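Colleague: I would like to go through this model with you. Please show it first, then we can talk about charges, helices and strands.

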Amino acid sequence: MRIHPFGLLPVLAASVLAAQAIPARPERLTFPPLAFTMPRVRDHEARLANGVAVYLRPEPEGVPLVRIAVHFKGGAYLEPKGKEGLASLFGKVLRSGGTLGRSAQDLDQRLDDLGATLWSHCGSTSGEVALEVLEKDLPEGLALFMDVLLRPAFAQDRLDLALQGARRGLEGRNDDADAISALEAAFLLNGEGHFTTALPTRASLDAITRADLEAFHARLLHPSNLAVTLTGRFQRAPMLALLERTLGALRPGPRALPSP
């Protein structure tokens, strides 16, 4: 396409004016003042009847999404000796392994139908189960979320798939200089026998069973070990009432242990 030369004149003129507005030296640049008020925790904190702490940040004028995350204390530092890698596998298969009431495939499909995202993770000292769902679909999304949180199935085929990925990770663990230096730094700082240097091996991964994931879940997922964060389009009072009927009804099981 041919551009008429006169069509470039407004663009060139604007460029010249913009260039004239640039100070000669960086220290002559001026900026509007940046105002930020630190939110006060007590304005957003609540506590359910069973003691679970909740932190809410409603955005009534925001996009019609709700984001909820349940954070739990516990991770790799609680792995039994010889079961290194358990926490990471638990974090993956908690979400991917379906629930006692819904197969992994059905759960994936329903979340896709809702346009919702539900994930889980477990690291060295903490983990989370999180949901992002449209405001209009919150009741169903929260029901799926609670099912994953409280009634995970840890389907064997999904555990096998996660184990397969973990074993592949072992094969490439020494292929990256950054990973090697981080590992060696942990040994220098914490020494042998510390949970940060107790790495998974093929033997430890082979020793992990579905029953181990169930036991890890029974130990960690109870009220004294949890905190909840919420943001998105909702009203505080109705949301707290909804949480009280769901997470607030959670009670510790016989194998629950507070994480040290």
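Modeller: A salt bridge here is a side-chain nitrogen of Lys or Arg within 4 Å of a carboxyl oxygen of Asp or Glu. This is a predicted model, where local features need pLDDT of at least 70 and side-chain atom pairs count only at pLDDT 80 or more, while totals for chains, interfaces and linings use all residues. Residues are numbered from 1 along each chain as its sequence is written, and side-chain values use heavy atoms, with hydrogens and water left out.

Colleague: How many salt bridges does a search of the whole structure find?

Modeller: Side chains of opposite charge can pair when their charged atoms come close. Searching the whole structure for such pairs gives a total of 15 salt bridges.

Colleague: Which residue meets Asp206 in a salt bridge?

Modeller: The N to O distance in this pair is 2.9 Å. Helices are DSSP runs (H or I, at least four residues), strands likewise (E, at least two), numbered from the N terminus. Asp206 belongs to helix α7 (residues 202–207) and its partner to helix α5 (residues 156–171), 39 residues apart, so distant parts of the chain are linked. The partner is Arg167.

Colleague: Is Arg167 buried, partly exposed or exposed?

Modeller: Buried means under 20% relative accessible area, exposed over 50%, and partly exposed in between (1.4 Å probe, protein chains only). Asp206, at 47%, is partly exposed. Arg167 has a relative accessible area of 22%, so the label is partly exposed.

Colleague: Which residue forms a salt bridge with Arg25?

Modeller: The closest N and O atoms of the pair are 2.5 Å apart. Arg25 is partly exposed because its relative accessibility is 46%. The partner counts as exposed because its value is 53%. That partner is Glu27.

Colleague: Where does the salt-bridge partner of Arg110 lie?

Modeller: Arg110 and Glu140 meet at 2.5 Å, N to O. The pair links distant parts of the chain, 30 residues apart, with Arg110 in helix α3 (residues 104–114). Arg110 is partly exposed at 26%, and Glu140 is partly exposed at 31%. Glu140 lies in helix α4 (residues 138–150).

Colleague: Which residues are linked with Asp108 in a network of salt bridges?

Modeller: Salt bridges link Asp108 into a network with two arginines. One of them, Arg95, is among the buried residues of α2. The linked residues are Arg95 and Arg158.

Colleague: How many residues of helix α2 are buried?

Modeller: Helix α2 spans residues 86–96 and is mostly covered. Its buried residues include Leu86, Phe90, Val93 and Leu94. After α2 comes Gly98, with a positive phi near 75 degrees. The buried count in α2 is nine of 11.

Colleague: What is the order of strands in the open sheet?

Modeller: Two strands pair if DSSP finds at least two bridges between them. The open sheet has six strands with mixed pairing, and its order is β1-β2-β6-β3-β5-β4. The edge strands, each pairing on one side only, are β1 (45–47) and β4 (117–122).

Colleague: How many bridges join β3 to β6?

Modeller: On β5 (residues 126–134), β3 (residues 65–73) has nine bridges and runs antiparallel. Ala69 stands opposite Ala130 there. In β6 (residues 226–232), also antiparallel to β3, Val66 has Gly232 as bridge partner and His71 has Ala227. The number of bridges between β3 and β6 is seven.
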